[in-house]
Structure formats: structure tokens, C-alpha cells
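Student: Please look closely with me at the interior of this chain, and then follow it outward to its surroundings. I would like one connected account, with the cut-offs behind each term.

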Amino acid sequence: MRKIFLLSLIIILPMVAMAQKQDRPKGRLSGNFNMEAWYYLKDSVIGTNVPPEKTLMNGYANFRYDYGNFTAGMRFEGYLNTLQGFEKGYDGTGIPYRFLSYKNEELEFTVGNFYEQFGNGLVLRAWEDKNLGYDNAFEGIHVKYNPYKGVYFKGLYGKQRVFFDLGEGIVRGFDGEININQLFDTLKYAKTRFIIGGSIVSKYQKDENVQYNLPENVASFAGRFNFQHGMFSLKGEYAHKVNDPSADNGMIYKDGDALLVNSTWSKGSFGAMLSGKWVDNMSFRSDYQAVDKNLLINYLPAVTQNHTYALTAMYPYATQLTGEAGAQGEFYYRIKRKTALGGKYGTLITLNYSRVHDIERNREGLENDTLGYKDKFLAISDDLLYDDFNLKIERKFSRKLKGTFIGQYVSYNKQFIEGKGGIVYAKAGVLDLSYRIKRRHSIRLEQQLLMTEQDRGDWYSVMLEYTISPHWFFSIMDQYNYGNDHKDLRVHYYTLSMGYNKGGNRVQLNFGKQREGIVCVGGVCRQVPSAYGAYVTLTSTF
């Protein structure tokens with residue numbers, strides 16, 4: 001398939017170029033390159049593992065060529081061998097992503113590999129994040145059709161990527177959306193805007209299981225709306241999936257449901273965001289045996305804060321595919337400039353709170369044990385999974401000095417989320433100050449503190465960064481686990497870094513220790529092992 005695809009590009013693109021008129025558009029080649037390589041060292045205290053190769057490397061390069069209505073692209077990936085913390089199935093090299101597409105005013109189609117999302121992703125989302133080691137791209141046919149203004153259709157048929165291969169299951173999907181304001185000219189500039197949409201996604205996998213009688217075709221359905229009036233918006237989506245026994249749910253034959261609601265409002269200096277989610281048995285994969293991040297068809301967004309500082313992100317939340325109920329609220333207020341509280345340049349205050357519980361399950365009185373449990377729609381259990389309250393203050397004190405202050409309290413059910421330990425209660429604080437010394441020269445001091453009586457105890461982190469714009473930066477960071485109950489594990493996790501930027505190119509050199517933990521983005525997580533050594537990162541865009 002890959003050889004046929006590459007050969008077709010060699011034949012088709014020159015023919016397209018020759019067929020254009022003399023005033024044909026110019027072709028454009030663009031892309032990017034990324035490589036990260038580690039040299040691992042032994043540290044018996046933090047328990048590092050030195051691989052036989054000593055050095056490991058993850059790298060990739062994207063190439064995209066646009067010519068008139070045609071676009072072609074490919075991505076080469078190399079894992080020699082895969083960095084620690086990423087799945088070893090990636091070991092090797094290949095071209096797992098390549099495509100050819102055509103687009104005019106009404107129709108767009110793609111053959112090869114592609115990413116797609118229907119609505120909020122409750123029944124389908126194909127995406128990739130190299131930092132998470134996540135990639136569930138489709139290989140097949142993808143069509144978008146806009147037959148009339150305000151009316152949009154999307155359809156796809158394909159298999160999903162798993163490492164350098166494809167999963168067994170076949171995925172079929174259709175999505176339709178109507179923008180009411182675009183559909184009627186009289187509503188084109190109306191203050192109130194309304195969009196409705198719906199999706200149907202199904203998978204096929206041949207039943208070869210000798211123990212269970214598995215459904216070979218599994219369907220899911222979703223409906224959504226988007227309402228906006230002035231500065232207020234309300235979005236919602238409901239999804240239903242028919243019975244789908246899998247490794248995730250313990251091979252039960254229960255239907256699944258999901259509801260996601262988001263609302264925002266702002267006026268002047270004040271704004272608010274509220275969101276809620278209820279999920280029951282909505283793991284949806286193209287292979288019922290798949291686990292971890294592999295072959296997921298859908299995506300269940302997290303309703304928790306994504307923290308960027310290391311210690312406030314030490315206990316991130318991972319979405320529970322088999323069931324959860326959560327809510328998040330965020331409020332911000334910008335204090336006006338030249339006031340007693342706002343100062344000369346104003347002050348931004350952001351308050352965020354999120355909470356996630358398990359759903360209520362009843363396993364008594366089932367007529368059929370294969371259903372696993374019974375529940376009521378929107379029923380919530382008393383079992384707390386995650387709780388995060390944080391306050392953020394951002395202020396510019398002068399033309400040269402600005403700061404960020406964060407306070408956080410988090411409850412983290414480590415036993416439920418990671419399968420070990422109890423509930424961790426932690427308090428964290430951040431002080432981040434930046435000072436411009438002179439033109440193009442600045443310095444940043446970042447201090448963080450996390451206090452907890454559970455897990456590994458208290459932490460302190462400090463980082464000093466010096467930047468010479470637009471090219472150089474230098475930093476030194478230390479995370480110290482000073483509160484660990486085991487004195488020999490009160491380790492300094494230090495890192496020395498320097499980097500150089502020029503144009504679209506960037507190189508960064510690092511040496512130090514990496515603490516064990518979890519990194520999450522939007523509820524999708526990756527386990528990070530302890531590591532010690534030197535590593536280099538190269539990136540380029542063109």
C-alpha cells in the first residue's frame with residue numbers, strides 16, 4: 001500500500017503540473033522536523049534503567065506540498081530505539097502517515113492517512129500528540145462536502161494506526177452540521193447564533209473469540225448544539241453507544257452514554273466558564289482487545305485544569321473511560337489599571353475549581369450478569385476521584401517586572417486512577433517573576449512548593465532562566481523531594497539547560513535527572529519513568 005501510494009505521487013503530481021494553464025499557481029513545500037535523543041546514566045537511588053543501547057532517540061519529519069487544489073504529504077518517523085516512557089511497539093522506522101487530497105469550493109476528499117473529529121469527539125476523534133506517544137490516525141478515505149451554505153457533511157471509512165501497523169477493525173463514520181445563521185440570509189448578522197449537528201460511527205471486527213459471542217458491528221450516535229447570544233455561549237453534546245464488550249469494561253454487554261455541556265459568559269472585565277461531564281461505559285476502540293492509548297476511536301475531554309508548572313501538575317487527572325462525573329468552573333476578573341488594587345498596569349485574577357466523582361453503579365438484582373451493573377442516567381457516586389481548587393494572580397509591576405502567583409489545593413485518588421496508594425491531599429504554591437534587565441536581556445525566577453503528608457511527601461522547586469533574545473537561553477532547575485519519609489530518597493532532581501534559536505530552527509541541550517510521574521494533556525496521560533543523563537532536542541520548521 002505504501003509503495004503504491006508513493007509511486008502514485010511520483011506519477012500524478014507532474015501530470016497535474018503539466019495540466020495547469022500558464023498562469024498556474026506556484027507549488028509550496030512546507031514541513032517540520034523534530035528529534036529528541038537521550039544518553040542514559042545509572043542512578044541507583046532514583047532507580048533509573050540504563051538500556052543496552054545507552055542512547056535512545058525519537059524523531060520525525062513532516063513534508064507537505066500544496067499545488068493548486070491538490071495537497072500531498074507524508075511523515076517519516078524513527079524510533080531507534082524508543083525513548084523510555086514510550087511504548088516499545090514504536091521501535092523502528094517507517095512512513096506511517098501519507099496522504100493525497102483534492103479540494104474545491106464544495107468538495108474535499110483525502111485518500112491515505114488523515115485525522116478527524118466529530119463534534120466534541122465523544123464518538124470520534126483521530127489526533128496525535130508526540131509528547132504523549134499518542135497517534136490514532138485513520139488510513140482510508142475521507143470526504144467533506146458543503147452542498148449549500150451552512151450545510152456541512154463529513155464521512156470516512158478506514159482502519160486505525162497502531163504503532164507502524166493497522167488495527168484489525170474497520171471504522172465507518174458520518175457527521176452532519178447545519179449553521180442556521182449561514183443557512184438563512186436574514187440571520188446572517190443576527191446577535192443570536194445557532195448550530196446543530198449529529199454523528200453516526202460504527203466499527204466492524206470479525207468475532208474470533210472462543211469464550212464470548214461478540215457483536216461484530218458496534219454503532220454509536222451523537223447529537224449536539226451550539227448556542228451563542230452576544231457574549232454568552234452554551235454548547236452540549238450527548239452520545240450513546242450500543243453494547244461493546246472489551247478489555248476496558250471487563251467484557252460486559254452494557255450500553256454506554258456520555259453527556260458534555262460547556263458554557264461561557266463575559267462582560268467587560270469579568271468572565272466565567274462552566275462545564276460538566278457524565279460518562280458511563282464509553283470506551284470505544286476498533287479492537288476490543290486493545291488497551292492503554294491504542295486504537296481509541298473516541299475522545300472524552302477532561303473537565304479539569306491543565307497546569308503548566310511542574311508541582312501543580314504533579315497530580316494530573318486521567319479520564320476514566322468506564323465511567324466518571326465531573327464539573328469545572330472558572331471565573332476571571334481583570335482589575336482596572338491605575339487603581340489601588342490593579343496597580344499601574346492592571347491585575348488579572350483567575351479562580352478555577354474542578355471536581356470528579358465515580359458514577360453510581362448497582363450490581364444487585366441483575367437478570368443478566370453479562371450487563372455488569374445497572375445505573376441511572378446522571379447518577380453520581382460519593383466516591384471522590386479528583387478535586388482541584390486553584391487561584392492565579394498575574395500582575396505587571398513596572399515596565400520591567402511582572403509576576404505570576406498561584407495557590408492550589410488538590411485531592412487525588414491515586415488508588416482509583418493509578419491502581420496503587422490511597423487519596424493524596426496536597427497544597428502547592430508558585431511564584432514566577434520575570435525581569436527585563438535591558439533590551440533583549442531578561443531573567444526569570446520560578447519557585448514552587450508542594451506540601452503533602454501522603455505519597456512522597458513535600459517538594460520544593462526552583463528555576464533560574466536567563467534569556468538573550470531572540471537567540472539564546474540558559475537555565476538551571478532543581479526539584480528537591482525534601483519531605484520524603486525515606487531519608488535516602490530526599491533527592492535533588494536537577495537539570496541544566498541551554499538553547500539556541502534562529503529562524504525556524506531550535507537546538508536545546510540538557511543534563512540532569514527526571515523524576516518519575518505522569519504527564520497528561522486533556523485527560524490523556526503517559527507514565528514518565530525516572531531518568532538520569534544528557535539529552536538534546538532539535539526542531540525545525542520550513
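**Inside the chain, and outward**

Tutor: Sorted by class, the residues around the largest cavity are five nonpolar, one polar and five charged. Here Ala, Val, Leu, Ile, Met, Phe, Trp, Tyr, Cys and Pro count as nonpolar, Asp, Glu, Lys and Arg as charged, and the others, Gly among them, as polar. The model is predicted, so that local features need pLDDT of at least 70 and side-chain atom pairs count only at pLDDT 80 or more, while totals for chains, interfaces and linings use all residues. Residues are numbered from 1 along each chain as its sequence is written, and side-chain values use heavy atoms, with hydrogens and water left out.

A cavity is a set of points, on a 1 Å grid over the protein atoms alone, where a 1.4 Å probe fits but cannot get out; a pocket is an open set with protein on both sides within 12 Å along at least five of seven lines, and lining residues have an atom within 4 Å of a point. Points are joined across faces, edges and corners, and a volume is the space filled by probe spheres set on them. The count comes to two cavities of 30 Å³ or more. The largest holds about 90 Å³, and its lining consists of K203, Q205, K206, D207, L214, P215, E216, V218, D244, P245 and Y288.

The second largest cavity, with about 50 Å³ of space, is lined by Y90, G133, D135, N136, R161, V162, F163, K293, N294 and L295. Its wall divides into four nonpolar, three polar and three charged residues. K293, one of these lining residues, also belongs to the residues nearest the centre of the second largest pocket, together with D292, A318, T319 and C525. That pocket has a volume of about 770 Å³ and a lining of 29 residues, of which 15 are nonpolar, seven polar and seven charged. Two elements, α3 (414–418) and β30 (524–528), each give two or more residues to this lining, and β30 supplies the largest share, four residues. (Helices, H or I with at least four residues, and strands, E with at least two, are DSSP runs numbered from the N terminus.)

D135, which lines the second largest cavity, is also a salt-bridge partner: its side chain meets that of R75 at 2.9 Å, N to O. This pair links distant parts of the chain, since R75 is in strand β3 and D135 in strand β9 (residues 134–135), 60 residues apart. A salt bridge here is a side-chain nitrogen of Lys or Arg within 4 Å of a carboxyl oxygen of Asp or Glu. In general, side chains of opposite charge can pair when their charged atoms come close.

Is this pair buried or exposed? R75 is buried because its relative accessible area is 3%, and D135, at 8%, is buried too; the term means under 20% relative accessible area, with exposed meaning over 50% and partly exposed in between (1.4 Å probe, protein chains only).

A further salt bridge joins E128 and K130, again given as 2.9 Å from N to O, although E128 is partly exposed, at 31% relative accessible area. Through shared partners, salt bridges connect R75, E77, E128, K130, D135 and R161 into one network. R161 thus appears in this network and in the lining of the second largest cavity.

The chain has 27 salt bridges by this rule. One of them pairs R98 with E139, whose closest N and O atoms are 3.0 Å apart. Here too the partners come from distant parts of the chain, R98 from strand β4 and E139 from strand β10 (residues 138–148), 41 residues apart. R98 counts as buried because its relative accessibility is 3%, and E139 is buried at 14%.

A word on the backbone belongs beside strand β3, too: N81 is in the loop between β3 (70–79) and β4 (92–103), and the peptide bond from L80 to N81 is cis, with omega near -25°. Most peptide bonds are trans. A second cis bond joins S469 and P470, with omega about 0°, and P470 lies in the loop between β25 (459–468) and β26 (472–480).
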